[in-house]
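New to this one? Here's a quick briefing to read alongside the sequence and the structure.

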Amino acid sequence: MSGATIKELSQVDDLRELAYLFAVVWGRSGEPPINSDVLKALAHSGNYVCGAYVDEKLAAGLVGWFGGVPPRDLHLHSHILGVVPGSEAHGLGFELKQHQRLWCLERGVNVIEWTTDPLVRRNAYFNLTKLGARATAYLTNIYGEMTDGINAGEESDRFLISWRLESPSAGAEPKLDQLIRDGAVTVLSVGPAGEPVASEAPVARVLLCQVPDDIVALRREDPGLARLWRTAVRRAVGGAIDSGYEVSGATRSGWYVMESRS
């Protein structure tokens, strides 16, 4: 545990500080991804706007709002989570998500949803294994071409992550060797030169897909190869999800596990 203090934010000065934190994290100092006016409106209308403080300094923030049609599919859409560079090792993101989980359960909300880039494997491991959520949809270029300092020029393919809060708050890392022995089939892997290697998969209950080590660095060093990976993952993972699979887990080494829902 980091020893952070997590609290809801509603005062204008606090919300301006939170907007600035998001701008720093996303490399958008001139135009934060969400400004303080919107944060104020969200907080005032009863949504989730929280910050994590370490040594009385704001080090991370998390924002979400209610979505769906109550009561059948009421959920919290968790829109943005940011941690100041250098603070990731403290586990602030995990603590904020656990705080958000309890906040929702206290209000009778049992599902949190958000989106994440399927090429950023550390986020996939965090969402799918550490939290125990699942990727239930593949959204192609949902936000259009990105302009922030991390993703500039990239198409915005995203997983839709669904976290059912009544389930255990953490999952176990998939064991690839055992899955392969049980008949899992690889549909995409990293080739010897870092290129995507796709294969036509026979019908299988479990499919495996590997993504590169650091897509952010790859975008800087070889934008063309990064675009090839976007297309390859869109076809392999997006195609599998459209065919009735969901992404049920991820390994630290960058493998997705996709299970048939039928």
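## Starting from Ala52

Ala52 has its place in strand β2, which covers residues 48-54. Keep in mind that what you're looking at is a predicted model. On average, the chain comes out at a pLDDT of 91, with 92% of the residues scoring at least 70. From Ala52 we'll work through the strands, the aromatic rings, one helix and the cysteines.

**Ala52 and its strand**

- Is Ala52 buried or exposed? With a relative accessibility of 0%, Ala52 counts as buried, because the cut-off for that label is under 20%.
- The rest of β2 is mostly covered too: of its seven residues, six are buried.
- For a sense of scale, take Ala52 and Gly224: they sit 172 residues apart in sequence, and their C-alpha atoms are 38 Å apart in space.

**Who β2 pairs with**

- Strand β1 (residues 5-8) pairs with β2 in the antiparallel sense, over four bridges. Thr5 has Tyr53 of β2 as its bridge partner.
- β2 is also joined to strand β3 (residues 57-67), again antiparallel, by seven bridges. Here Val49 has Val63 of β3 as its bridge partner.
- β2 and β3 make a hairpin, with two residues between them. Asp55 is in the turn and has a positive phi of about 55°.

**Around β5**

- Strand β4 (residues 75-83) pairs with β5 in the parallel sense, over two bridges. Leu76 has Ile112 of β5 as its bridge partner.
- β5 pairs with β7 as well, but in the antiparallel sense and over six bridges. Thr116 has Phe159 of β7 as its bridge partner.

**Aromatic rings**

- How many aromatic pairs does a search of the whole structure find? The search turns up six.
- One pair is Trp114 with Trp163: their ring centres are 6.0 Å apart and their planes are at 90°, so this pair is edge-to-face.
- That pair links distant parts of the chain, with Trp114 in strand β5 (residues 111-116) and Trp163 in strand β7 (residues 158-164), 49 residues apart.
- Both tryptophans are tucked away: Trp114 counts as buried at 6% relative accessibility, and Trp163 counts as buried at 0%.
- Tyr138 and Phe159 form an edge-to-face pair too, at 6.1 Å centre to centre with 85° between the planes.
- This second pair also connects distant parts of the chain: Tyr138 belongs to strand β6 (residues 134-139) and Phe159 to β7, 21 residues apart.
- Tyr138 is buried, with a relative accessible area of 10%, and Phe159 is buried with 0%.
- Elsewhere, Tyr48, Phe66 and Trp103 form one aromatic cluster.

**Charges over rings**

- Trp114 has another contact: the charged end of Lys97 sits over its ring, 3.7 Å from the centre.
- Lys130 lies over the face of Phe94, and the distance to the ring centre is 5.0 Å.

**Helix α3**

- Does the length of α3 (residues 92-106) fit what you'd expect, or clash with it? At 1.5 Å a residue, its 15 residues should span 21 Å, and the end C-alpha atoms are 21 Å apart, so the two agree.
- Plenty of α3 is buried, including Leu92, Leu96, Lys97, Gln100, Trp103 and Cys104.
- Gly108 follows α3, and its phi is positive, near 75°.

**Cysteines**

- How many disulfides does a search of the whole structure find? The count is zero.
- Cys50 is in no disulfide, and the nearest cysteine sulfur to it, that of Cys104, is 10.0 Å away.
- Why no bond for Cys104? The closest cysteine sulfur, in Cys50, is 10.0 Å from its own, which is too far for a bond.
- Cys50 counts as buried at 0% relative accessibility, and Cys104 is buried with a relative accessible area of 0%.

**Confidence by element**

- Which elements of the chain have the lowest and highest mean pLDDT? Helix α6 (residues 215-221) has the lowest, at 91, and helix α2 (residues 36-44) has the highest, at 98.
- As a general reading tip, predicted coordinates shouldn't be read in detail where pLDDT is low.

Methods
Residues are numbered from 1 along each chain as its sequence is written. This is a predicted model: local features need pLDDT of at least 70, side-chain atom pairs count only at pLDDT 80 or more; totals for chains, interfaces and linings use all residues. Side-chain values use heavy atoms; hydrogens and water are left out. Rings of Phe, Tyr and Trp (its six-membered ring) pair if their centres lie within 6.5 Å; planes under 30 degrees apart count as stacked, over 60 as edge-to-face and the rest as tilted. Buried means under 20% relative accessible area, exposed over 50%, partly exposed in between (1.4 Å probe, protein chains only). A charge sits over a ring if NZ of Lys or CZ of Arg is within 6 Å of the ring centre and within 35 degrees of the ring normal. pLDDT is the predictor's confidence in each residue, from 0 to 100. Two strands pair if DSSP finds at least two bridges between them. A disulfide is a pair of cysteine sulfur atoms within 2.5 Å. The expected span of a helix is 1.5 Å times one less than its number of residues.
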